[in-house]
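Student: I would like a close look at a single part of this model. Please take me through the sheet and whatever packs around it.

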Amino acid sequence: MWRDMFHLSLPIAEKILRPAIVYLFLVIFLRIFGKRELAQLNPFDLVVLLSLSNTVQNAIIGDDNSVTGGIIGAFSLLGINYLVVRLVFKHRRLDQLLEGEPTVLIENGRLVPEGLAKELMTESELLAVAHRQGFASLDEIERCVLEPGGTFFIQGKQPRLVERQHAELLERFDRLERKLDDLERRLGRSCEG
């Protein structure tokens, strides 16, 4: 039993090389296919990401199901990720090449159809993102950018629609209160006279 658990059926060099190759492949192809997969916008994208991990599993571990092989594979993945992150951190141009550029989806309160098309994103998917960030509609957004890492930067219009409506209601209540006070004074004078 112990021998089967810890005995490597593949050479250590192959156990280290396999995860490194798969890692590089995934980084490159996620970059090619866009930020949308990283943002996990809809169930289809989530299914693709989960299936992708299962698909490359055998490429990473090969015919080896030992604990030792799993530990070496995991260590290799973590190690190459650490090295790539350090390398990208030190070289800004490499970071831009791997990460890509942000995509503007809304600019000056208007949808940017080219940005939505580039990211294969529908208006309803963008609205769902806006809802998660507390916006009732796309009309409340001044600027929306899909960052290279798959996160959204959303800047609301100043002031937001809800805030403007709230301020208008308060102003109306103040006017009503002043009119009521004025009416009370008039009624009080007419009763005295």
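Student: To start, where is the place of Leu-120?

Tutor: This is a predicted model, and the place of Leu-120 is in the loop between helix H7 (113–118) and H8. Leu-120 has a positive phi of about 55°, although it is not a glycine. With a relative accessibility of 66%, Leu-120 counts as exposed, because the cut-off for that word is over 50%.

From that loop we can go on to the sheet. The sheet is open and has four strands in the order E2-E1-E3-E4, with antiparallel pairing. Its edge strands are E2 and E4, each of which pairs on one side only. H8 packs on this sheet and touches E1, E2, E3 and E4, while its direction makes about 75° with that of E4. That angle makes H8 roughly perpendicular to E4, because the range for this word is 65 to 115 degrees.

Now take the strand pairs in turn. E1 and strand E2, residues 110–111, pair in the antiparallel sense over two bridges. In this pair, Ile-106 has Leu-111 in E2 as its bridge partner. The hairpin of E1 and E2 has two residues between the strands, and Asn-108 takes a positive phi near 55° there. Like Leu-120, which is not a glycine, Asn-108 is not a glycine either. Asn-108 lies in the loop between E1 and E2 and counts as exposed, at 54% relative accessibility.

E1 also pairs with E3, in the antiparallel sense and over three bridges. Here Val-104 stands opposite Val-145 in E3. E3 in turn pairs with E4, again in the antiparallel sense, over five bridges. One position to look at in this pair is Cys-144, which stands opposite Ile-154 in E4. As a general point, in a regular strand the side chains alternate between the two faces of the sheet.

Next comes the nonpolar core. The largest one has 14 residues, and those with the most contacts inside it are Leu-105, Met-121, Leu-126, Ile-141, Cys-144, Phe-152 and Ile-154. At least two residues of this core come from each of strand E1 (103–107), helix H8 (123–132), strand E3 (141–146) and strand E4 (152–156). In general, nonpolar side chains in soluble globular proteins tend to be buried together.

Leu-105 is a useful residue to follow through this region. Leaving aside its neighbours within four places in sequence, Leu-105 is in contact with ten residues that can be listed in two parts: Arg-110, Leu-111, Val-112, Gly-115 and Leu-116, and then Met-121, Leu-126, Cys-144, Leu-146 and Phe-152. Among these partners, Met-121, Leu-126, Cys-144 and Phe-152 are also named with Leu-105 as having the most contacts inside the core.

Past the sheet, Gln-158 has its place in the loop between E4 and helix H9 (161–192). Gln-158 is exposed, with a relative accessible area of 69%. For a sense of distance, the C-alpha atoms of Gln-158 and Asn-81 are separated by 41 Å, and the two residues are 77 apart along the chain. Asn-81 belongs to H5, where it is among the residues that meet H2. The axes of helix H2 (residues 12–33) and helix H5 (residues 67–90) come within 8 Å and cross at roughly 45°, which makes H2 oblique to H5.

Terms used. Residues are numbered from 1 along each chain as its sequence is written. This is a predicted model: local features need pLDDT of at least 70, side-chain atom pairs count only at pLDDT 80 or more; totals for chains, interfaces and linings use all residues. Side-chain values use heavy atoms; hydrogens and water are left out. A nonpolar core is a set of buried Ala, Val, Leu, Ile, Met, Phe, Trp, Tyr and Cys residues joined through side-chain atoms within 4.5 Å. Buried means under 20% relative accessible area, exposed over 50%, partly exposed in between (1.4 Å probe, protein chains only). Contact means heavy atoms within 4.5 Å. Two strands pair if DSSP finds at least two bridges between them. Axes are lines fitted to C-alpha atoms, for helices over the stretch in contact, and angles run from 0 to 180 degrees between N-to-C directions. Angles under 35 degrees count as roughly parallel, over 145 as roughly antiparallel, 65 to 115 as roughly perpendicular and the rest as oblique.
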